[in-house]
Amino acid sequence: MYPTSAAETGPHRHRGRLYNLGQVPYTVAWAWQQSLVAERQRAPELEDVLMLLEHPPVYTLGRGASLEFLKFDISRAGVGVHRVERGGEVTYHCPGQLVGYPILNLQRHRQDLHWYLRQLEEVLLEVLACWGLDGERLAGKTGVWLEGRKVAAIGIKVSRWITMHGFALNVCPDLQGFERIVPCGIADKPVGSLAEFVPGIEIDSVRRTVAEAFARVFDVQLDFQEGSPLLSNPVAADS
């Protein structure tokens, strides 16, 4: 677990909460995000939040995602499949993938969705650099690539300038689940993981790096918070 402050890199303009969680069913984390967003729409002065967690195997589709990018019959998926509010196409979550859900009030930062997406990419690029990896952006696409492999996906929803959903960084997942979809609708770019470039890398060792990079890029001091009352069964299977 982290100490009281997860980002001790100097003074920051803003304060926020870091929830460093284990494996959480997708629907539970989704409901929690919606609750946090609703609270901040009622009270915009509430602090920013960053949730870091993993999900049991699950597929999610953005609000306008095409079913043609699924290579299986949804009725026989064998795992959860959810259409959600975020932008983007279909993606896959599973253990070994570090998911970050920032709940930010962009009125406190910058009211610009393109800026926000580029900032999320910058967080992930800084994380890769901390491990000696030279990540890159691809023109016209959202996410982060490493030697031609997409190692991080980003999909967001912003309502009244409050953000939800976020990023998924493939640290050391079993990538087989991606073979059942066309990830993010991109057929000509393979999915990769950090473990392919840093053998033995573990997700817990990446969590702090992500929190510290997020604090730097968004100029926010993240205070560690213990759990959430909504996470009453964080190790249950997703449904």
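The accessible surface of the protein comes to about 10400 Å², and 49% of that area belongs to carbon and sulfur atoms. This value, like those that follow, was computed on a predicted model. Of the 239 residues in the protein, 54% are buried. Among the contacts with a sequence separation of 6 or more, 75% are made by residues 24 or more positions apart.

**Architecture and cores**

Three helices and ten strands make up the secondary structure, and from the N terminus on these elements follow the order β-α-β-β-β-β-β-α-β-β-β-α-β. In soluble globular proteins, nonpolar side chains tend to be buried together. Here the largest nonpolar core holds 38 residues, and L169, F214 and F218 are those with the most contacts inside it. At least two residues of this core come from each of strand 2 (48–54), helix 2 (113–130), strand 7 (144–146), strand 8 (149–159), strand 9 (162–170), helix 3 (203–218) and strand 10 (220–225). Helix 2 gives the most to this core, with nine residues.

The surroundings of F218 can be listed in detail: leaving aside residues up to four places away in sequence, F218 touches H14, L104, H109, W115, Y116, Q119, L120 and V123. A second core, separate from the largest one, has 20 residues, L21, Y26, M51 and V58 being included in it.

**Empty space inside and at the surface**

Rolling a probe the size of a water molecule over the atoms shows where empty space is left. The count comes to one cavity of 30 Å³ or more. The table sets this cavity beside two pockets, giving the volume of each and the classes of the residues that line it.

| Space | Volume | Lining residues by class |
|---|---|---|
| Largest cavity | about 80 Å³ | eight nonpolar, three polar, one charged |
| Largest pocket | about 510 Å³ | 14 nonpolar, nine polar, six charged |
| Second largest pocket | about 170 Å³ | nine nonpolar, no polar, three charged |

The largest cavity is lined by T91, Q97, K150, V151, A152, A153, A168, N170, F178, P183, C184 and V191. Two elements, strand 8 and strand 9, give two or more residues to this lining, and the largest share of it, four residues, comes from strand 8.

The largest pocket, with its volume of about 510 Å³, is lined by 29 residues, of which R86, G87, G88, I154 and G155 are the closest to its centre. Strand 5 (90–93), strand 6 (97–103), helix 2, strand 8 and strand 9 are the elements that give two or more residues to the lining of this pocket. Strand 8 again deserves separate mention, since it gives the most to the lining of the largest pocket, with seven residues, while it also supplies at least two residues of the largest nonpolar core.

The second largest pocket, with a volume of about 170 Å³, is lined by K71, L175, F178, E179, I181, V182, P183, I186, A187, K189, P190 and V191. Its lining has no polar residues under the classes used here, but it does have three charged ones. F178, P183 and V191 are named in the lining of the second largest pocket and also in that of the largest cavity.

Terms used:
Residues are numbered from 1 along each chain as its sequence is written. This is a predicted model: local features need pLDDT of at least 70, side-chain atom pairs count only at pLDDT 80 or more; totals for chains, interfaces and linings use all residues. Side-chain values use heavy atoms; hydrogens and water are left out. A nonpolar core is a set of buried Ala, Val, Leu, Ile, Met, Phe, Trp, Tyr and Cys residues joined through side-chain atoms within 4.5 Å. Buried means under 20% relative accessible area, exposed over 50%, partly exposed in between (1.4 Å probe, protein chains only). Contact means heavy atoms within 4.5 Å. On a 1 Å grid over the protein atoms alone, a cavity is a set of points where a 1.4 Å probe fits but cannot get out, and a pocket is an open set with protein on both sides within 12 Å along at least five of seven lines; lining residues have an atom within 4 Å of a point. Grid points are joined across faces, edges and corners, and a volume is the space filled by probe spheres set on the points. Ala, Val, Leu, Ile, Met, Phe, Trp, Tyr, Cys and Pro count as nonpolar, Asp, Glu, Lys and Arg as charged, and the others, Gly among them, as polar. Accessible areas come from the Shrake-Rupley method with a 1.4 Å probe; for residues, only the protein chains shown count as cover.
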